[in-house]
Amino acid sequence: ALPSRILSADKLEALLGRRVKKWFSDSSEFFGGEVMQVDEFFKIKYDDGDMEDLTLDELIDIITPEKED
């Protein structure tokens, strides 16, 4: 299902800019990234410049907690 059918527009907007951290077994390391765009998928741009499209379930697994003020 499209993210817009699962989450409200406010919740989708709140995910933009959120940080992620994903383990890549082929390189045996974590890579950080950021949610850059939401359309039919969540577009992630990793710190090394790579991009990836994720589903909501995949995003939930790698999103990092927000820092408290």
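These are my notebook entries on what I looked up in this structure, which is a predicted model.

**Entry 1: the sheet**

I began with the strands and found that four of them form an open sheet in the order 1-2-3-4, with antiparallel pairing. Strand 1 and strand 4 stand at the edges with a single partner strand each, so one side of each has no neighbour in the sheet. From one strand to the next, the twist averages 40°. I then looked at how strand 3 is joined to strand 4, and noted four bridges between these two antiparallel strands. On this pairing I also wrote down that Phe 42 stands opposite Leu 54 in strand 4.

**Entry 2: the nonpolar core**

Next I asked which residues make up the largest nonpolar core. It has 12 residues in all, namely Leu 12, Leu 15, Val 20, Phe 31, Val 35, Phe 42, Ile 44, Tyr 46, Leu 54, Leu 56, Leu 59 and Ile 62. The elements that give two or more residues to this core are helix 2 (9-15), strand 2 (29-38), strand 3 and helix 3 (56-62). Phe 42 and Leu 54, which I had noted as standing opposite each other, are both members of this core. I followed one member, Ile 62, further: leaving out residues up to four places away in sequence, Ile 62 touches Val 20, Lys 21, Lys 22, Tyr 46 and Leu 54. Of these partners, Val 20, Tyr 46 and Leu 54 are also listed in the core.

**Entry 3: salt bridges**

I searched the whole structure for salt bridges, and the search finds four. One of them joins Arg 19 to Asp 47, with the closest N and O atoms 2.9 Å apart. Arg 19 lies in strand 1 (residues 19-24) and Asp 47 in the loop between strand 3 (42-46) and strand 4 (51-54), so this pair ties together parts that are 28 residues apart in sequence. I checked accessibility at both ends: Arg 19 counts as partly exposed at 35% relative accessibility, while Asp 47 is exposed, with a relative accessible area of 55%.

Another salt bridge is formed by Lys 43 with Asp 53, where the closest N and O atoms are 3.1 Å apart. Lys 43 lies in strand 3 and Asp 53 in strand 4, so the pair ties together parts that are 10 residues apart in sequence. Because salt bridges here share partners, I looked for a network, and found that Asp 39, Lys 43 and Asp 53 are joined into one. The remaining link in that network is the salt bridge of Asp 39 with Lys 43, with 3.8 Å between the closest N and O atoms.

**Entry 4: Lys 43**

Is Lys 43 buried or exposed? I found it buried, with a relative accessible area of 17%. Its two salt-bridge partners read otherwise, since Asp 39 counts as partly exposed at 25% and Asp 53 counts as partly exposed at 39%, and the cut-off for buried is under 20% relative accessible area. The side chain of Lys 43 also makes a polar contact with the side chain of Asp 53, at 3.1 Å. Leaving aside neighbours within four places in sequence, I listed Glu 34, Val 35, Met 36, Gln 37, Glu 52 and Asp 53 as the contacts of Lys 43.

**Entry 5: Arg 18**

I placed Arg 18 in the loop between helix 2 and strand 1, and at 18% relative accessibility Arg 18 counts as buried. What does the side chain of Arg 18 reach? I found that it reaches the backbone oxygen of Thr 64 at 2.6 Å. Apart from residues up to four places away in sequence, Arg 18 touches Gly 33, Glu 34, Val 35, Ile 63, Thr 64, Pro 65 and Glu 66.

**Entry 6: Gly 33**

Gly 33 appeared among the contacts of Arg 18, and I looked it up last. Gly 33 lies in strand 2 and is buried, with a relative accessible area of 0%. With residues up to four places away in sequence not counted, Gly 33 touches Arg 18, Arg 19, Val 20, Lys 45, Tyr 46 and Asp 47. Arg 19 and Asp 47, the salt-bridge pair of Entry 3, are both in that list. I also noted the separation of Gly 33 from Ile 62, which is 29 residues in sequence and 9.7 Å in space, C-alpha to C-alpha.

Conventions: Residues numbered from 1 in each chain as written. Predicted model: local features only at pLDDT ≥ 70, side-chain atom pairs only at ≥ 80, totals over all residues. Heavy atoms only, no water. Salt bridge = Lys/Arg side-chain N within 4 Å of Asp/Glu carboxyl O. Buried < 20%, exposed > 50% of the residue type's maximum accessible area, 1.4 Å probe, protein only. Core = buried A, V, L, I, M, F, W, Y, C linked by side-chain atoms within 4.5 Å. Contact = heavy atoms within 4.5 Å. Polar contact = N/O pair within 3.5 Å; in protein donor to acceptor, adjacent residues only side chain to side chain. Pairing = 2+ DSSP bridges. Axes fitted to C-alpha atoms, helices over the stretch in contact; angles between N-to-C directions.
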